[in-house]
Amino acid sequence: LVNGVVSQLVQAISGKGGTFGSIKRQGTGSYYEHVKVSEPNEFDIMLLMPVERLQLDECDDTGAFYYLSFKRNPKEKHLLKFLDEEGKLSALKMLQALREIIKQEVKNIKDAEVTVKRKKARSPAITLQIRNPPADISVDIILALEVAQSWPLSTQDGLRVEQWLGRKGRLLHRSKSFYLVAKQNKKDKVLKENTWRLSFSHIEKDMLNNHGSSKTCCESDGPKCCRKGCLKLLKYLLEQLKMKYTKELDKFCSYHVKTAYFHACVKWPRDTEWQWGDLEHCFQKYLEYFLECLQRSQLPHFFIPQYNLLSPQDRASNNFLARQLSYQLNNRFPIFQE
């Protein structure tokens with residue numbers, strides 16, 4: 001159902017030529033990383049737009065958020081209309097234009113009942129709702145610029161996977177493009193409408209699907225490890241707690257758990273440290289590592305080490321989650337029994 005709807009939209013959007021003529025789709029998020037827990041009722045689809053010769057200027061100290069402008073005479077003349085008065089590429093204007101096209105196009109979809117949901121503040125996504133009784137499916141469409149140039153300086157000390165995936169593995173990943181999504185920094189009290197955030201979702205997906213230090217880990221005839229099993233358990237645990245304490249845990253999302261997972265893979269790089277039969281023990285040490293991060297309010301972004309995903313300003317909610325997780329750990333996870 002989702003593929004049908006999205007294919008029709010992508011075809012219609014790129015068929016129009018002009019601004020979004022070069023877009024191509026890429027599935028990101030847990031469903032496509034094969035770590036989805038619960039119902040497959042939420043999908044993230046990235047619409048990638050190749051852009052060349054961008055000038056990136058950091059807009060804060062995180063190293064993750066940037067203003068974009070074009071180096072002289074850009075090939076992408078059709079993007080010039082999205083520049084603001086300072087010559088910066090406005091994420092808001094581009095999203096609005098794409099949103100309008102999608103709103104028109106969903107009217108032409110005959111095989112499914114699709115609506116475009118109201119825009120959420122701060123969200124880089126255009127959310128579609130597909131009727132699929134008894135429950136609806138929600139699809140987040142995220143516009144991303146695909147930039148084939150060397151990665152920004154803030155990523156230089158990130159992706160330290162040498163012990164786990166090898167030096168070659170790191171070089172191979174760093175030779176790929178990086179993405180920029182239309183996302184504003186949460187720390188900003190004033191919303192800057194033209195900032196973009198770095199995204200490495202394609203590389204995260206790759207690391208999740210090729211996660212062994214030996215090439216045969218989890219292949220059909222290779223030894224099975226429990227890395228993904230641990231990630232799914234912690235994702236599920238957080239999801240259940242978020243349902244119970246919606247307001248208190250509003251700041252947390254599965255990306256926190258996924259980042260901690262990558263750090264744990266580096267901390268324990270060998271496949272023998274994640275044997276399938278040791279799931280319980282491995283899950284416990286991964287959870288204890290995540291608890292430490294929460295207690296210290298310190299979880300560096302895996303690709304941008306200076307960017308802390310658990311800011312000390314949120315210490316109260318970090319401690320709240322830590323208490324809930326410790327309770328689960330010490331009482332043999334009652335929430336899994338419910």
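In the predicted model, a salt bridge joins the side chains of Arg296 and Glu292, with an N to O distance of 3.7 Å. Both residues belong to helix α7. They are 4 residues apart there, and therefore separated by about one helical turn. Arg296 is partly exposed, at 48% relative accessibility. Glu292 is also partly exposed, with a value of 39%. Elsewhere, Asp157, Arg160, Glu162 and Arg170 are joined into one network by salt bridges that share partners. Side chains of opposite charge can pair when their charged atoms come close.

The whole structure contains 15 salt bridges. Among them is the pair formed by Arg131 and Asp136, at 3.5 Å from N to O. Arg131 is partly exposed, with a relative accessible area of 43%. Its partner Asp136 is partly exposed as well, at 29%. Another pair is Arg270 with Glu273, at 4.0 Å from N to O. Here Glu273 has a relative accessible area of 18% and counts as buried, because the cut-off for that class is under 20%.

The protein is divided into domain 1, residues 1–201, and domain 2, residues 211–336. The contact between the two takes 27 residues from domain 1 and 23 residues from domain 2. The C-alpha centres of the domains lie 26 Å apart. About 2,100 Å² is buried between domain 1 and domain 2. Carbon and sulfur atoms account for 64% of that area. Across this interface, 0 salt bridges are found.

Helix α3 covers residues 162–174. The helix has 13 residues, yet its end C-alpha atoms are only 12 Å apart. A straight helix would reach 18 Å at 1.5 Å a residue. The helix also has a kink of about 65 degrees, centred on Lys168. Buried positions in α3 are Trp164, Leu165, Gly169, Arg170 and His173. Of these, Arg170 is also a member of the salt-bridge network with Asp157, Arg160 and Glu162. The cover over the buried residues of α3 includes α4 (201–209), α5 (227–244) and α6 (254–267).

Helix α6 gives a span that agrees with expectation. Its 14 residues should span 20 Å at 1.5 Å a residue, and its end C-alpha atoms are 20 Å apart. The helix is mostly covered, with 10 of its 14 residues buried. The buried stretch comprises His256, Val257, Lys258, Thr259, Ala260, Tyr261, Phe262, His263, Ala264 and Cys265. These buried residues pack against α3, α4, α5 and α7 (279–296).

Thr259 illustrates the surroundings of one position in helix α6. Its relative accessibility is 2%, so Thr259 counts as buried. Beyond residues up to four places away in sequence, Thr259 touches Leu299, Pro300, His301, Phe302 and Leu309.

Several loops hold backbone features of note. Most residues other than glycine have a negative phi, and most peptide bonds are trans. Leu159 has a positive phi, near 50 degrees, and is not a glycine. Leu159 lies in the loop between β7 and α3. With 1% relative accessibility, Leu159 counts as buried. Ser297, also not a glycine, has a positive phi of about 50 degrees. Ser297 is placed in the loop between α7 and α8 (315–330). Its relative accessibility is 1%, so Ser297 counts as buried.

The peptide bond between Pro133 and Pro134 is cis, with omega at about 5 degrees. Pro134 is found in the loop between β6 (125–130) and β7 (137–147).

Notes. Residues are numbered from 1 along each chain as its sequence is written. This is a predicted model: local features need pLDDT of at least 70, side-chain atom pairs count only at pLDDT 80 or more; totals for chains, interfaces and linings use all residues. Side-chain values use heavy atoms; hydrogens and water are left out. Helices (H or I, at least four residues) and strands (E, at least two) are DSSP runs, numbered from the N terminus. The expected span of a helix is 1.5 Å times one less than its number of residues. The bend at a residue is the angle between axes fitted to the seven residues ending there and the seven starting there. Buried means under 20% relative accessible area, exposed over 50%, partly exposed in between (1.4 Å probe, protein chains only). Contact means heavy atoms within 4.5 Å. Domain bounds come from an automatic or database domain assignment. Buried area is the accessible area (1.4 Å probe) that two parts lose on being put together, summed over both.
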